[in-house]
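Visitor: I'd like to understand how people put labels on a protein structure. Could you walk me through one?
Guide: Sure, let's take a look together.

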Amino acid sequence: MANSASGMAVSDECKLKFQELKAKRSFRFITFKINEQTQQVVVDRVGQPGETYADFTATIPADECRYAVFDFDFVTDENCQKSKIFFISWSPDTSRVRSKMLYASSKDRFKRELDGYQVELQATEPSEMTLDIVKARAL
């Protein structure tokens, strides 16, 4: 089970869904939340392959913390089609202090469970995770 030093336990579904996104590209994105009752990180929502970055940002609550992974497709300056998996830590200033502390203390353990993301992004307001910022970090 979880303890304060290692952060929350991570449900098996989180790891399985991430593997499906990474290996099979079954999803465009996955959002995760901490279930305080069970002391676990659990899957919140999954986005289908046809969904966009705008669809993803619309699923992120304005005043609650979340972790997310997003499979970002882009074209390089050399005209090559590429994809990078982003790990996004969303911790808005308007969320509860306890929630921000839980997410901050659990982030490292959760990231270790998700082997294979390429870029990490931390945001406290929507302007810190715009599509332009994601594109710049991907290149």
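**How the labels are earned**

Guide: The chain has four helices and six strands. Keep in mind that this is a predicted model.

Visitor: What pattern does the chain follow along the sequence?
Guide: Going along the sequence, you get β-α-β-β-α-β-β-α-β-α.

Visitor: What makes the chain as compact as a globular protein of that length?
Guide: Its radius of gyration is 15 Å, and the globule rule gives 14 Å for 139 residues. Those values are close, so the chain counts as being as compact as a globular protein of that length. As for its extent, the C-alpha trace spans about 45 × 30 × 25 Å along its principal axes.

Visitor: How do you know that C14 is buried?
Guide: Buried means under 20% relative accessible area. C14 has 0%, so C14 is buried. Across the chain, buried residues make up 41% of the 139 residues.

Visitor: Why is C80 called partly exposed?
Guide: Partly exposed is the range between under 20%, which is buried, and over 50%, which is exposed. C80 comes out at 38%, so it gets the label partly exposed.

Visitor: How many disulfides does a search of the whole structure find?
Guide: Zero.

Visitor: Why is there no bond between the sulfur of C14 and the closest cysteine sulfur?
Guide: A disulfide needs two cysteine sulfur atoms within 2.5 Å. The closest cysteine sulfur to that of C14 is in C65, and it is 16 Å away, so the two are too far apart for a bond.

Visitor: Let's try a loop. Where is T76 found?
Guide: T76 is in the loop between strand 4 (66-75) and strand 5 (81-90).

Visitor: And why is T76 called buried?
Guide: The cut-off for buried is under 20%. T76 has a relative accessible area of 13%, so T76 is buried. Setting aside neighbours within four places in sequence, T76 is in contact with K82 and L139.

Visitor: What makes D63 partly exposed?
Guide: D63 lies in the loop between helix 2 (53-59) and strand 4. Its relative accessible area is 46%, and exposed would need over 50% while buried would need under 20%, so D63 is partly exposed.

Visitor: Which residues does D63 touch, not counting those up to four places away in sequence?
Guide: D63 touches P92, T94 and S95. Also, D63 and R96 are 33 residues apart along the chain, and their C-alpha atoms are separated by 8.1 Å.

Definitions and conventions: Residues numbered from 1 in each chain as written. Predicted model: local features only at pLDDT ≥ 70, side-chain atom pairs only at ≥ 80, totals over all residues. Heavy atoms only, no water. Buried < 20%, exposed > 50% of the residue type's maximum accessible area, 1.4 Å probe, protein only. Helix = DSSP H or I, 4+ residues; strand = E, 2+ residues; numbered from the N terminus. Rg over C-alpha atoms; globule rule 2.2 N^0.38 Å. Contact = heavy atoms within 4.5 Å.
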